[in-house]
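Colleague: I am new to this structure. Please take a close look at its interior, and spell out the terms as you go.

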Amino acid sequence: MSTGAGQERPARRRSRLARAARRARPDLSPLRRAPEFRRLYAGQAASFAGSMITYVALPYQAYQLTGSSLVVGLLSVTELVPLVIAALLGGALADAADRRRLILGAEAGGLAVAAGLAANAAAWHQVWLLFALAVVSAFGFGLQRPSLEALVPQLVARDDLAAAASLSGLLGNGAQVLGPLLGGTLIAAAGLPAAYLVDAASCLAGLVMFARLRSFPPGPEADRPSLGGVAEGLRYVRSRPEILGTYLIDIAAMFFGAPYALFPAVAARIGGAAALGLLYAAPGAGALLVSATGGWAGHVHRHGRAIALAVCGWGLAIAAFGLAPGLWWAVAALAAAGAADMISGVFRMTMWNQTIPSRLRGRLAGLEMISYTTGEPAGGLESGLVASLTGSVRIAIVSGGVACLVGVVTVTLALPALWRYDARVVPAPGPPLTGPLATASDVP
């Protein structure tokens with residue numbers, strides 16, 4: 001008996017390890033079963049990878065031309081207003097127009113921007129042109145993103161939506177890791193024009209894949225885009241304090257604890273362009289680890305608490321980055337910050353997908369995009385301004401991390417429904433869609 005029991009224990013351990021390995025492995029079912037999703041995914045992969053190269057190159061060039069972290073911060077905040085306007089417009093259009101056409105138009109605009117940046121880097125070297133093209137790029141991104149997000153449930157069966165979300169996380173985080181690394185390497189080895197031209201090539205590849213999607217016209221019940229339609233989405237958010245809390249807590253985290261505008265100054269001290277690529281890639285590496293091993297998330301039900309605690313982890317990691325004595329300590333702190341941000345993002349997306357009505361999908365996607373993108377440009381200005389006023393990049397970064405913690409406490413006290421949220425008691429998402437826009441996720 002003792003021998004049999006002894007043999008059984010290793011077998012049970014191997015079984016547990018096998019289950020853990022399966023849980024950590026990404027589920028590729030949506031890519032196998034949905035050809036349209038494969039095309040969408042491939043287009044996003046190409047486009048986003050190139051965008052992350054420019055994400056490194058643009059602030060690097062601004063700092064190279066001016067030597068000012070404040071200018072880098074102003075470059076970030078310049079994108080704020082067009083991003084907000086485009087997100088609201090793009091969300092309304094995603095519910096009322098052909099989503100494929102919107103995606104193609106925005107991608108063509110991205111190609112033109114990348115070509116303009118390459119020409120400026122090669123010949124003109126104009127700071128004002130960096131600002132102008134950043135505005136155009138932000139507007140195109142804001143216009144495109146709601147349609148991309150709203151399109152997924154039309155392409156993927158309900159049972160595969162969770163796997164599709166995980167694959168999207170892997171895509172985004174993978175691009176955030178590889179794009180900045182490639183960008184830093186390209187800048188160091190071939191110069192800024194080459195980096196921008198690679199982005200242009202990636203936009204062209206994305207256009208080819210997006211063009212292979214079928215058309216997705218709105219249903220006959222869809223309203224024309226209007227301020228009234230946007231207001232309907234805003235009223236819905238106001239009626240859901242836990243959803244509003246997810247937006248505000250992310251904005252607070254990004255505004256106070258996203259010192260990306262200071263990365264060029266930090267990199268100049270600890271390693272130059274190659275170090276800059278590592279700093280930009282590190283948060284994505286941490287997030288990639290979480291998204292690749294995220295099977296445990298399905299066992300968490302208190303999503304609001306998970307979001308609040310994860311954002312606290314983000315603030316602490318950013319403060320640690322500010323205190324880091326060298327490059328690899330800084331990279332480790334930023335990777336931890338990225339992991340915390342991904343945990344917050346997983347549960348925010350889960351809350352949104354479980355409870356937001358399908359008829360508001362596009363408009364709410366626009367609002368969601370505002371919450372997770374506008375904080376960073378504003379945070380770039382905040383961190384650059386604090387660094388300029390105090391004369392210390394370290395103080396600007398550490399104080400931002402501490403302020404992020406204060407922001408979490410403020411939001412959770414002001415909106416206690418966020419902290420109390422339990423996914424096992426989910427509000428009804430509203431009536432399903434009918435007609436051509438109805439999908440497997442809309443029909444009971």
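Modeller: A polar contact is a pair of N or O atoms within 3.5 Å, one able to donate a hydrogen and the other to accept it; residues adjacent in sequence count only if both atoms are side-chain atoms. The model is predicted, so local features need pLDDT of at least 70 and side-chain atom pairs 80 or more, while totals for chains, interfaces and linings use all residues. Residues are numbered from 1 along each chain, and side-chain values use heavy atoms, without hydrogens or water.

Begin at helix α4, residues 69-78 (helices are DSSP runs of H or I, at least four residues, numbered from the N terminus). At the start of α4, a side-chain oxygen of S68 comes to within 3.2 Å of the backbone nitrogen of L70. G67, placed just after α3, has a positive phi of about 70°. Within α4, the residues S69, V71, V72, G73, L75 and V77 are buried (under 20% relative accessible area with a 1.4 Å probe, protein chains only; exposed is over 50%, partly exposed in between). The cover over these buried residues includes α3, α5 (80-94), α7 (127-155), α12 and α17 (375-390).

Next, the largest nonpolar core (buried Ala, Val, Leu, Ile, Met, Phe, Trp, Tyr and Cys joined through side-chain atoms within 4.5 Å). The core has 67 residues, of which Y196, I249, F263, L279, W314 and F321 touch the most other members. Helix α15 (residues 327-355) supplies the largest share of this core, nine residues. A separate core lies apart from it and has 20 residues, including F37, L148, V156 and L213. In soluble globular proteins, nonpolar side chains tend to be buried together.

One of the residues just named, I249, touches I307, A308, V311, V408, V411, T412 and L418 (heavy atoms within 4.5 Å), leaving out residues up to four places away in sequence. V311 is also a neighbour of C404: leaving aside residues within four places in sequence, C404 is in contact with A253, F256, V311, W314 and G315. C404 sits in helix α18, residues 393-414. Its relative accessible area is 0%, so C404 is buried. The C-alpha atoms of C404 and M254 are separated by 8.1 Å, although the two residues are 150 residues apart along the chain.

Now the aromatic rings. The structure holds nine aromatic pairs (Phe, Tyr or six-membered Trp ring centres within 6.5 Å; planes under 30 degrees apart are stacked, over 60 edge-to-face, the rest tilted). F255 and F256 form an edge-to-face pair, because their ring centres are 4.9 Å apart and their planes stand at 80°. F255 counts as partly exposed at 29% relative accessibility, and F256 counts as partly exposed at 29%. Y260 and Y280 make a stacked pair, with centres 6.4 Å apart and planes at 10°. Y260 is in the loop between α11 (241-257) and α12 (263-270) and Y280 is in helix α13 (residues 273-292), so this pair ties together parts 20 residues apart in sequence. Y260 counts as buried at 14% relative accessibility, as does Y280 at 4%. Ring pairs also link Y260 and Y280 into a cluster with Y55, F263 and F321.

Last, a charged-type side chain inside: E242, found in helix α11. E242 counts as buried at 9% relative accessibility. Its side chain makes a polar contact of 2.7 Å with the side chain of R240.

Terms used: Helices (H or I, at least four residues) and strands (E, at least two) are DSSP runs, numbered from the N terminus.
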